[in-house]
Amino acid sequence: MEIAARIAEGFIGMFQKGGTTFVGLVTGIIPLLIVLMTAVNALVRLIGPERIDKVAMISSRNVLLRYLVLPFLAVFFLTNPMAYTMGRFLPEKQKPAFYDAAVSFVHPILGLFPHANPGEIFVWAGIAAGITKLGLGLGDLAIRYFLVGLLVIFIRGLVTERITAIMWARRSVPEGQSQGEESTSAAEAAPAVETGGAAFASGEEA
Amino acid sequence: MQVVARGLEAIGRAVGNVVGILYQAGRDTIDQVIRNILPFMAFISMVIGIILYTGIGNIIAHTLSPLASNIFGLLLMSVICAIPILSPLLGPGAVIAQVVGTLLGVEIGLGHIPAQYALPALFAINPQVGCDFIPVGLALGEAEPETTEIGVPAVLMSRLITGPLAVVIAYLASFGMYAGH
């Protein structure tokens with residue numbers, strides 16, 4: 001009988017521990033999160049998606065805007081997963097790179113703007129909880145996560161764009177000519193810029 | 001008189017509009033908290049409760065913590081998560097990243113992992129972000145099927161490079177953060 005009682009106590013104790021954790025998370029994270037998310041949601045609604053579209057069209061023009069500013073604006077204003085619809089302003093060859101950059105930013109943004117991806121907040125909040133437990137402030141970690149995130153998405157955009165270009169070139173070249181790969185990929189790179197411009201122009205008409 | 005009335009009406013309408021937007025923003029927020037955040041908190045709390053109570057925490061402390069307390073362990077973690085076959089499997093809902101992140105958070109809180117490593121760890125647990133979602137994400141961007149065909153392997157391969165690279169950058173950027181802890 002005593003053993004059974006001890007097992008029952010252990011069983012309940014396990015969930016009491018979980019319950020304490022739950023209360024800690026709810027009172028520690030949710031109040032700030034609700035107020036902050038309300039403020040940013042209101043801001044996003046006041047600005048409106050039409051204006052973001054206009055900025056997006058301009059942003060597709062150069063590399064720094066495309067893989068740094070555009071992903072940030074997309075994730076901030078449209079949030080996960082609608083942010084990826086911003087890819088429609090870009091030429092086909094840059095869409096995978098833009099997706100890579102945008103999707104890689106849905107977590108680094110959480111430390112400062114949790115409204116962008118609240119369903120996955122624990123990628124950030126899980127580790128941040130440990131810092132809070134040590135009695136340290138989260139600001140330092142949040143801002144560094146954000147800045148490193150921006151640098152990383154920019155690099156991802158560049159690397160993925162390059163890989164996409166290489167794979168694209170390799171595919172359009174018949175197999176017998178694969179020795180001339182280097183030169184063809186270089187030759188492909190030049191027209192890629194032109195088609196980029198053309199696709200952009202057609203996007204503007206639409 | 002009429003001008004004043006019209007002015008008042010315009011002001012009233014503008015205020016009503018703004019209040020409506022603010023109210024809707026609050027409604028959206030509460031909706032997301034109830035639908036997405038609270039359920040995940042419940043799930044995470046249960047996992048943490050079980051881990052802390054049963055002593056699985058000690059096993060994690062002995063295996064995961066040494067791995068996460070040095071740059072090479074974190075690099076290894078990021079390379080594993082970025083393997084093109086594994087990354088789409090680890091991606092969905094970021095559940096893996098969230099659970100591993102929470103476990104690391106517990107270990108940081110207990111002092112088993114130095115606080116400075118929080119930054120590179122945030123990138124080490126997450127090189128697979130969005131790898132499960134590439135075709136859908138590209139479709140949302142109105143990409144052609146041909147683009148998706150090339151885009152999926154291109155992103156997966158890119159992650160093998162940029163995943164570990166992100167950890168290195170984060171490691172370098174973490175110097176001077178929470179010094180002494």
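A:E161 is partly exposed, since its relative accessible area comes to 22%, and I would like to start from this residue because 22% falls just outside the class of buried residues, which ends under 20%. I should say at once that what we are looking at is a predicted model, and that every value I quote has been computed from it.

The partner of A:E161 is A:R66, and the two form a salt bridge in which the closest N and O atoms are 2.9 Å apart. This pair links distant parts of the chain, with A:E161 in helix α6 of chain A and A:R66 in helix α3 of chain A, 95 residues apart. On the arginine side the setting is another one: A:R66 counts as buried because its relative accessibility is 6%. The helix that carries A:R66, α3 of chain A, covers residues 63-78.

What else does the side chain of A:R66 make a polar contact with? One partner is the side chain of A:Y67, at 3.4 Å, and another is the side chain of A:Q94, at 3.5 Å. If we leave aside the neighbours within four places in sequence, the residues in contact with A:R66 are A:S59, A:S60, A:R61, A:P71, A:L90, A:Q94, A:F98 and A:E161. A:Q94 therefore appears both in that list of contacts and as a polar partner of the arginine side chain, as the 3.5 Å distance lies within the cut-off of 3.5 Å.

Let me stay with helix α6 of chain A for a second salt bridge, between A:R144 and A:D140, where the closest N and O atoms are again given as 2.9 Å apart. Here the two residues are 4 residues apart in the helix, and so they are separated by about one helical turn. A:R144 is buried, with a relative accessible area of 19%, while A:D140, at 29%, is partly exposed.

Chain B offers a comparable arrangement in helix α1, residues 2-54, where B:D31 and B:R35 lie 4 residues apart, about one turn of the helix. Their side chains meet in a salt bridge with an N to O distance of 3.6 Å. Of this pair, B:D31 counts as partly exposed at 40% relative accessibility, and B:R35 is exposed, with a relative accessible area of 61%. Over all chains, a search of the whole structure finds 8 salt bridges.

Stepping back to chain A as a whole, we have 7 helices and 0 strands. Of its 206 residues, 46% are buried, and among contacts between residues at least 6 apart in sequence, 67% join residues at least 24 apart. The chain exposes about 9,800 Å², and carbon and sulfur atoms supply 67% of that area.

Now to the place where the two chains meet. The size of an interface is often given as the accessible area lost when the parts come together. Between chain A and chain B that area is about 6,400 Å², with carbon and sulfur atoms giving 75% of it. In chain A, the residues that lose the most area to chain B are A:Y99, A:F122 and A:I127, together 11% of what that side buries. The contact takes 69 residues from chain A and 80 residues from chain B.

On the polar side, the count between chain A and chain B is 20 residue pairs in polar contact, both residues being at pLDDT 80 or more, and there are 2 salt bridges between these chains. One of them joins A:D100 to B:R159, with the closest N and O atoms 2.4 Å apart. As for elements, α1 (2-47), α4 (95-103), α5 (122-133) and α6 (139-172) of chain A each supply at least two residues of the side that touches chain B, and the largest share, 21 residues, comes from α1(A).

I will end on the surface of chain B, where a nonpolar patch is formed by B:L76, B:V79, B:I80, B:I83, B:I85, B:L86, B:L89, B:L160 and B:I161, with about 790 Å² of accessible area together. Two elements of chain B, α3 (71-82) and α8 (145-173), give two or more residues to this patch, and α3(B) gives the most, with 3 residues. B:I161 has its place in helix α8 of chain B, and this isoleucine counts as partly exposed because its relative accessibility is 47%.

How values were computed: Residues are numbered from 1 along each chain as its sequence is written. Chains are lettered from A and ligands numbered from 1 in the order in which they are written. This is a predicted model: local features need pLDDT of at least 70, side-chain atom pairs count only at pLDDT 80 or more; totals for chains, interfaces and linings use all residues. Side-chain values use heavy atoms; hydrogens and water are left out. Patches are made of residues with over 30% relative accessible area and no salt bridge: like charges are joined within 9 Å, nonpolar side chains (Val, Leu, Ile, Met, Phe, Trp, Tyr) within 5 Å. Accessible areas come from the Shrake-Rupley method with a 1.4 Å probe; for residues, only the protein chains shown count as cover. A salt bridge is a side-chain nitrogen of Lys or Arg within 4 Å of a carboxyl oxygen of Asp or Glu. Buried means under 20% relative accessible area, exposed over 50%, partly exposed in between (1.4 Å probe, protein chains only). Contact means heavy atoms within 4.5 Å. Buried area is the accessible area (1.4 Å probe) that two parts lose on being put together, summed over both. A polar contact is a pair of N or O atoms within 3.5 Å; within protein, one must be able to donate a hydrogen and the other to accept it, and residues adjacent in sequence count only if both atoms are side-chain atoms.
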